[in-house]
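Work through these exercises with the structure open beside you. Try each task before reading its solution.

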Amino acid sequence: MTGVDQQALIAAARAAATRAYAPYSNFHVGAALAFADGSIVTGANVENASYGLTLCAETSAVAQAMNTGARGGLLAVAVIGGMNGAAGPVVTPCGRCRQVLNELAQLGGTDPVIWCVGEGEVLELKLSELLPHAFGPASLI
Ligand code: THU
């Protein structure tokens with residue numbers, strides 16, 4: 001049990017996805033981060049005409065949170081996405097986003113639950129399952 005309201009976090013991720021800037025893939029993704037102080041921070045994917053410079057929703061959310069001072073306390077993450085905002089298969093964080101999420105999580109010593117949302121389905125995984133044996137701030141001591 002995370003103590004985090006799963007439905008509320010998924011709703012926040014779904015709302016964030018409506019703000020995606022994804023004119024190239026048309027794949028709209030939203031991510032919501034839940035913190036130990038009860039706060040929720042969201043992000044959406046931000047694409048770029050130079051396609052490889054695209055920022056994923058999870059990375060945007062982590063940047064948003066860290067820019068407001070977050071340095072840990074990450075308890076749960078919800079990720080949702082689909083073509084033109086429609087529901088579809090579960091969306092799991094890409095490899096880069098797993099590493100970016102790990103930075104924030106490891107700073108606070110948490111192993112957040114990741115709710116990967118699809119149509120009528122939520123795949124629940126710990127970050128440590130998505131990114132086992134992670135390299136992070138704790139490795140640089
Ligand atoms: N995307 C995310 O925002 N998060 C993920 O975890 C997977 C992929 C975005 C990147 C790109 O804008 C679009 O989805 C298609 O790959």
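**Exercise 1. The first hairpin**

How many bridges join strand 1 to strand 2, and in which sense do the two run?

Solution. The model is predicted, so keep that in mind throughout. Start with the pairing. Strand 1 and strand 2 run antiparallel, joined by 5 bridges. Next, pick out a pair of partners: Ala31 faces Gly43 of strand 2. Now follow the chain through the turn. The two strands make a hairpin, with 4 residues between them. Gly38 sits in that turn and has a positive phi of about 90 degrees.

**Exercise 2. The other side of strand 1**

Find what else strand 1 pairs with, and decide how covered it is.

Solution. Strand 1 spans residues 27-35 and strand 3 spans residues 74-83. They pair in the antiparallel sense over 9 bridges. In one position, Gly30 stands opposite Ile80 of strand 3. Then check burial. The cut-off for buried is under 20% relative accessible area. In strand 1, 7 of the 9 residues are buried, which leaves the strand mostly covered. Strand 3 is mostly covered as well: 8 of its 10 residues are buried.

**Exercise 3. From strand 3 to strand 5**

In which sense do strand 3 and strand 4 pair, and over how many bridges?

Solution. The sense is parallel, and there are 4 bridges. Val77 has Ile114 of strand 4 opposite it. Now step on to the next pairing. Strand 4 (residues 113-118) and strand 5 (residues 121-126) run antiparallel and share 6 bridges. Val113 has Lys126 as its bridge partner in strand 5. Strands 4 and 5 also form a hairpin, this time with 2 residues between them. The turn holds Gly120, whose phi is positive at about 65 degrees.

**Exercise 4. Around the ligand**

Identify the residues that surround the ligand, then look for polar atoms facing its oxygen atoms.

Solution. First, list the surroundings. Around the ligand are Ser25, Phe27, Val29, Asn45, Glu47, Thr54, Cys56, Ala57, Glu58, Thr92, Pro93 and Cys94. Second, look at Glu47. An N or O atom in its side chain is 2.5 Å from an oxygen atom of the ligand. Third, look at Asn45. One of its polar side-chain atoms lies 2.9 Å from a ligand oxygen atom. Fourth, turn to Cys94. Here a polar backbone atom is 3.2 Å from an oxygen atom of the ligand. Last, consider cover. On its own the ligand has 380 Å² of accessible area, and the protein covers 78% of this.

**Exercise 5. Unusual backbone angles**

Locate Asn26 and His133 and describe their phi angles and exposure.

Solution. Begin with the general rule. Most residues other than glycine have a negative phi. Now take Asn26. Its phi is near 60 degrees, a positive value in a residue other than glycine. Asn26 is in the loop between helix 1 (6-17) and strand 1. Its relative accessibility is 30%, so Asn26 counts as partly exposed. Then take His133. Its phi is also positive, near 55 degrees. His133 is placed in the segment after helix 4 (127-130). With a relative accessible area of 83%, His133 is exposed.

**Exercise 6. Distances along the chain and in space**

How far apart are the C-alpha atoms of Gln6 and Ala78?

Solution. Along the chain they are 72 residues apart, and their C-alpha atoms are separated by 8.0 Å. Gln6 belongs to helix 1. It has a relative accessible area of 25%, so Gln6 is partly exposed. Now try another pair. Asn67 and Asn45 are 22 residues apart in sequence, with 17 Å from C-alpha to C-alpha. Asn67 is in helix 2 (residues 57-67). Its relative accessibility of 68% is why Asn67 counts as exposed.

**Exercise 7. A surface patch**

Which residues form a nonpolar patch on the surface?

Solution. The patch consists of Tyr21, Tyr24, Val46, Tyr51 and Leu55. Together they have about 500 Å² of accessible area. Zoom in on Leu55. It is found in the loop between strand 2 (40-44) and helix 2. Leu55 has a relative accessible area of 35%, so it is partly exposed.

Key:
Residues numbered from 1 in each chain as written. Predicted model: local features only at pLDDT ≥ 70, side-chain atom pairs only at ≥ 80, totals over all residues. Heavy atoms only, no water. Buried < 20%, exposed > 50% of the residue type's maximum accessible area, 1.4 Å probe, protein only. Patch = residues over 30% accessible without salt bridge, like charges linked within 9 Å, V, L, I, M, F, W, Y side chains within 5 Å. Areas by Shrake-Rupley, 256 points an atom, 1.4 Å probe, with all protein chains shown as cover. Salt bridge = Lys/Arg side-chain N within 4 Å of Asp/Glu carboxyl O. Near = heavy atom within 4 Å. Polar contact = N/O pair within 3.5 Å; in protein donor to acceptor, adjacent residues only side chain to side chain. Pairing = 2+ DSSP bridges.
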